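Please open the model in your viewer and set the display so that single residues can be selected by number. The tour moves from one selection to the next and says at each stop what is there.

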Amino acid sequence: MSDELQQSIDSVSPVERIPGDTTDGRVEDGVALCLSGGGYRAMLFHVGALLRLNEFGSIGKIARLSSVSGGSITAGVLALNWKQFSFDASGTITNFDQSFVQPIRRLASKTIDVPAIFGGVFSSASISDKVADEYRRVLFGAATLQDLPDSPRFVFNATNVQSKSLFRFSKPYVWDWRVGRIDHPRIELAIAVAASSAFPPVLSPCEIHFNPADFAPNSGADLQFEPYTSDVVLTDGGVYDNLGLETAWKRYSTIWVSDGGGMYAPEPDPKRDWLGHTRRVMDLVDNQVRSLRKRQLIESFHLNMRKGAYWGIWTDIAEFGLSDSLPCPSSKTNTIASTPTRLKGLASDDQEKIINWGYAVCDASMRKYGGAPSRPPSAFPYSIGLG
C-alpha cells in the first residue's frame with residue numbers, strides 16, 4: 001500500500017494508528033462488538049441490544065467484545081457467565097435472562113456512585129475502590145481476568161492519565177503501548193471494570209499498583225520505567241475512546257457498535273461555580289468528540305473500510321427506513337436517552353424502557369445493515385414498551 005493511500009485511509013479512520021500496528025492495515029475476518037459508556041443507562045441499553053443479538057443467534061459469532069465505562073459493566077457480566085451459557089442449535093443462549101439479564105438488573109436497582117463518593121471521602125479507600133467493592137459484592141465476587149473465556153476475547157478499556165494512552169485489560173494481558181505489557185494478569189474483574197468506568201471527575205481516578213518486574217521486557221515504547229510501571233493512574237475508558245473502537249477496529253473486518261452515550265442539550269443558565277461549570281465544559285467536550293467519532297465510523301462504513309452496523313440511544317429509528325420496526329416515537333426514545341449518566345438506582349419500569357429501546361434499535365440496525373434475518377420481532381422484551 002502506498003504512503004499516500006495509507007494517509008488517505010488514516011484521515012477518515014475513527015481510530016488513530018500507533019507504533020506496533022500493522023503497516024498494511026489488513027484485518028481478520030470476524031465480528032467485534034463495541035459497547036460504549038454512559039453509566040447505568042448505557043449498561044441497560046446494551047442489555048437490550050444483546051437480547052436481540054441473542055435472538056438472532058449472533059452472540060456466538062462475536063470474536064471480540066471491546067467496552068468502555070458503563071458498557072464494561074455489561075461486558076463483565078457477559079464474560080464471567082460465558083462458560084455457563086447453554087447454546088441451542090440456532091446459536092441462541094437459552095439461559096440468557098437468568099445468567100445475564102437478571103444480575104445486571106439487580107445492580108441497576110442500587111445506587112453506588114453517591115455512597116462511593118462519601119465512602120471515599122471519609123475513609124482511607126478511594127472512591128474507585130468503593131465502586132469496585134460494589135461490583136465485587138453484587139456481580140463479580142473474587143473473579144479475575146483469568147476466569148474469563150479464551151474466546152471471545154473481552155477487552156475492558158481505561159485511559160492512562162499518565163501516558164495519555166489507552167490501557168486495556170484482557171485475559172492474555174494488560175497493556176499500554178507506551179508503558180508495556182503484563183502477561184496473564186491476575187487482576188480482579190471488579191477492578192478492571194471499575195477502572196474502565198471511573199467517570200471523571202467524581203469516580204476518577206482509579207489507581208493500581210504493579211510490580212515493575214511483571215512487565216514483559218521491552219514491551220513499552222518509551223515509558224517502561226517507574227512510576228509508570230509501578231503506580232498506574234487510570235480514568236474512564238471513554239475519555240480516550242468513547243465508543244470502545246480502538247481495540248476492535250484494528251483487528252476485525254466487521255464492527256457492530258452499540259452506543260448508549262449521552263448527548264447534552266442547550267442550557268440557558270449554566271452553572272458558574274467551578275465544579276458545575278467544569279462538569280458542563282467536560283460534557284461538551286465529550287459530546288463533540290463522540291459526535292466526531294460517530295461520523296467517522298459511519299463514513300468508514302460507507303467507504304467500505306469495514307462492514308458493520310451502528311445503533312445509538314439517540315438514533316431516530318425512522319432513519320433505518322424499515323416499515324416493520326417496533327414502534328419507537330422519538331418523543332419517547334429521547335426521554336429515555338436523557339436518563340442521567342450515573343450509577344444511580346433505577347425503578348424497574350425505567351430499566352425495562354431502556355432495555356426495550358436498546359432491543360428495538362439494535363433490531364432495526366442489524367436487519368438494515370448487519371445482515372441479520374429480515375423477520376421483525378413480534379414485541380418488546382417487556383410489555384411496558386417505551387412507556
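Begin by selecting Lys164, which counts as exposed because its relative accessibility is 64%, over the 50% cut-off for that class. The model is a predicted one, and everything described on this tour should be read with that in mind. Lys164 sits in the loop between E3 and E4, and although it is not a glycine, its phi is positive, at about 70°. Most residues other than glycine have a negative phi. If you now show the backbone on both sides, you will find that E3 and E4 form a hairpin with four residues between them, Lys164 being in the turn.

**The strands on either side of the turn**

Extend the selection to strand E3 (residues 153-160) and E4, which pair in the antiparallel sense over five bridges. To find one of these pairings, select Thr159 and look across to E4, where its bridge partner is Leu166. Strand E4 (residues 165-169) is mostly covered, with five of its five residues buried, in contrast to Lys164 in the turn, which counts as exposed.

Continue along the chain from E4, and a second hairpin leads through three residues to E5. Strand E5 (residues 173-176) runs antiparallel to E4 and is joined to it by two bridges; with both strands displayed, Arg168 can be seen standing opposite Trp175 in E5.

Go back to E3 and select E8 as well, since three bridges join these two strands, which run antiparallel. Asn160 stands opposite Leu234 in E8. Strand E8 is also joined to E7, by four bridges and again in the antiparallel sense, and here the bridge partner of Glu207 in E8 is Val233. Because five of the six residues of E8 are buried, this strand is largely enclosed by the rest of the structure.

**Loops with unusual backbone geometry**

Next select Asn218, in the loop between E7 and strand E8 (231-236). Its phi is near 60°, a positive value in a residue other than glycine, and at 76% relative accessibility Asn218 counts as exposed.

Two peptide bonds deserve a selection of their own. The bond from Ser151 to Pro152 is cis, with omega near 0°, and Pro152 is found in the loop between helix H6 (127-140) and E3. The bond from Pro200 to Pro201 is also cis, with omega near 0°, and Pro201 belongs to the loop between helix H7 (189-196) and strand E7 (206-209). Most peptide bonds are trans.

**Helix H3 and its neighbour**

Now select Ser72, which is found in helix H3. Is Ser72 buried or exposed? Its relative accessible area is 0%, so Ser72 counts as buried. Leaving aside residues up to four places away in sequence, Ser72 touches Ser67, Phe156, Asn157, Val193 and Ser196.

Keep helix H3 (residues 70-81) on display and add helix H4 (residues 96-108): their axes come within 10 Å and cross at roughly 145°, and the crossing is right-handed. Where the two helices meet, Ile73, Thr74, Val77, Leu78 and Asn81 of H3 are in contact with Phe96, Ser99, Phe100, Pro103, Ile104 and Leu107 of H4. The residues of this contact divide into eight nonpolar, three polar and no charged.

**The nonpolar cores**

From H4, pick out Phe96, which, residues up to four places away in sequence not being counted, touches Leu50, Leu51, Asn54, Ile59, Leu78, Phe85 and Val101. Phe96 is among the residues with the most contacts inside the largest nonpolar core, which has 92 residues; Phe100, Tyr135, Phe156, Phe169, Trp311 and Trp357 are the others named there. The largest share of this core, 10 residues, comes from helix H2 (residues 39-56). Apart from it lies another core, of 14 residues, among them Trp249, Tyr252, Ile255 and Leu297.

**A last stop**

Finish with Ser348, whose place is in helix H11 (residues 348-369). With a relative accessible area of 40%, Ser348 is partly exposed. Select Ser109 together with Ser348 and display their C-alpha atoms, which are separated by 7.4 Å although the two residues are 239 residues apart along the chain.

Conventions
Residues numbered from 1 in each chain as written. Predicted model: local features only at pLDDT ≥ 70, side-chain atom pairs only at ≥ 80, totals over all residues. Heavy atoms only, no water. Axes fitted to C-alpha atoms, helices over the stretch in contact; angles between N-to-C directions. Left-handed = near helix turned anticlockwise from the far one by under 90°. Contact = heavy atoms within 4.5 Å. Nonpolar A, V, L, I, M, F, W, Y, C, P; charged D, E, K, R; others polar. Core = buried A, V, L, I, M, F, W, Y, C linked by side-chain atoms within 4.5 Å. Buried < 20%, exposed > 50% of the residue type's maximum accessible area, 1.4 Å probe, protein only. Pairing = 2+ DSSP bridges.
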